[in-house]
Amino acid sequence: MKPVKGKAAVNKVSKDSLKTVNDRKVGKSSKPTSKKAGAAKKDPNKPKRPPSAFFVFLEEFRKTFKEKHPNVKGVAAVGKAGGEKWKSMSKSEKAPYEAKAAKKKTEYEKVMTAYNKKQASRTDDADEESEKSKSEVHDDDEESGEEDDEDEEDDEDEDDD
């Protein structure tokens, strides 16, 4: 039988696949799992998004649920019960929560416009500073480059001795 050349013939087995299940970390990879490789850092001063009508409802529901069921400590159980209650509610029952959510959203939009104006003024100032610093850095590079050339010539002279 002749050896087959090409990708189909390559059957490489990784070392991890030869290990027993107990020896390797199941479901974990060594690569960092980030959604965006170069994602910008979050600004801690940025206003938080407003809660939806459901989350406004859930704030009140948690209080009543805790009173009725003091032994239940799990967040998932409270969330699940709140979700079921929300689904069973009619539009008229949801209306006050939707109104509160809309009010919070308008407040958030006002705060965000002020925040965006503040950020825009900061970036304008930063752009002016960065242009200055770029030219200063560029000048420094040229000067240091000339000094390096002189040092190399001195080194060559010493080697001849």
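Of the 161 residues in this protein, 12% are buried, where buried means under 20% relative accessible area, exposed means over 50%, and partly exposed covers what lies in between, with a 1.4 Å probe and protein chains only. I should say at once that this is a predicted model, in which local features need pLDDT of at least 70 and side-chain atom pairs count only at pLDDT 80 or more, while totals for chains, interfaces and linings use all residues. Residues are numbered from 1 along each chain as its sequence is written, and side-chain values use heavy atoms, with hydrogens and water left out.

Let me begin with the overall picture. The protein has four helices and zero strands, so that the order from the N terminus on reads α-α-α-α; these elements are DSSP runs, numbered from the N terminus, with helices (H or I) of at least four residues and strands (E) of at least two. Among contacts with a separation of 6 or more, 72% are between residues 24 or more positions apart, a contact being heavy atoms within 4.5 Å. The exposed area of the protein is about 14,900 Å², with 51% of it supplied by carbon and sulfur atoms, as computed by the Shrake-Rupley method with a 1.4 Å probe, where for residues only the protein chains shown count as cover.

Now to the charges, where Lys and Arg count as positive and Asp and Glu as negative, with His and the chain ends not counted. Side chains of opposite charge can pair when their charged atoms come close. The count comes to one salt bridge, defined as a side-chain nitrogen of Lys or Arg within 4 Å of a carboxyl oxygen of Asp or Glu. Lys 100 forms a salt bridge with Glu 60, and their closest N and O atoms are 2.8 Å apart. This pair links distant parts of the chain, since Lys 100 lies in helix H4 and Glu 60 in helix H2, 40 residues apart. Lys 100 counts as partly exposed because its relative accessibility is 38%, and Glu 60 counts as partly exposed because its value is 33%.

What, then, of Lys 94, in helix H4 (residues 91-160)? Lys 94 is buried yet has no salt bridge, and the nearest side chain of opposite charge, that of Glu 98, is 5.9 Å away. Leaving aside residues up to four places away in sequence, Lys 94 touches Trp 86 and Met 89.

Finally, Lys 46 is placed in the loop between helix H1 (15-18) and helix H2 (53-68), and it counts as partly exposed because its relative accessibility is 44%.
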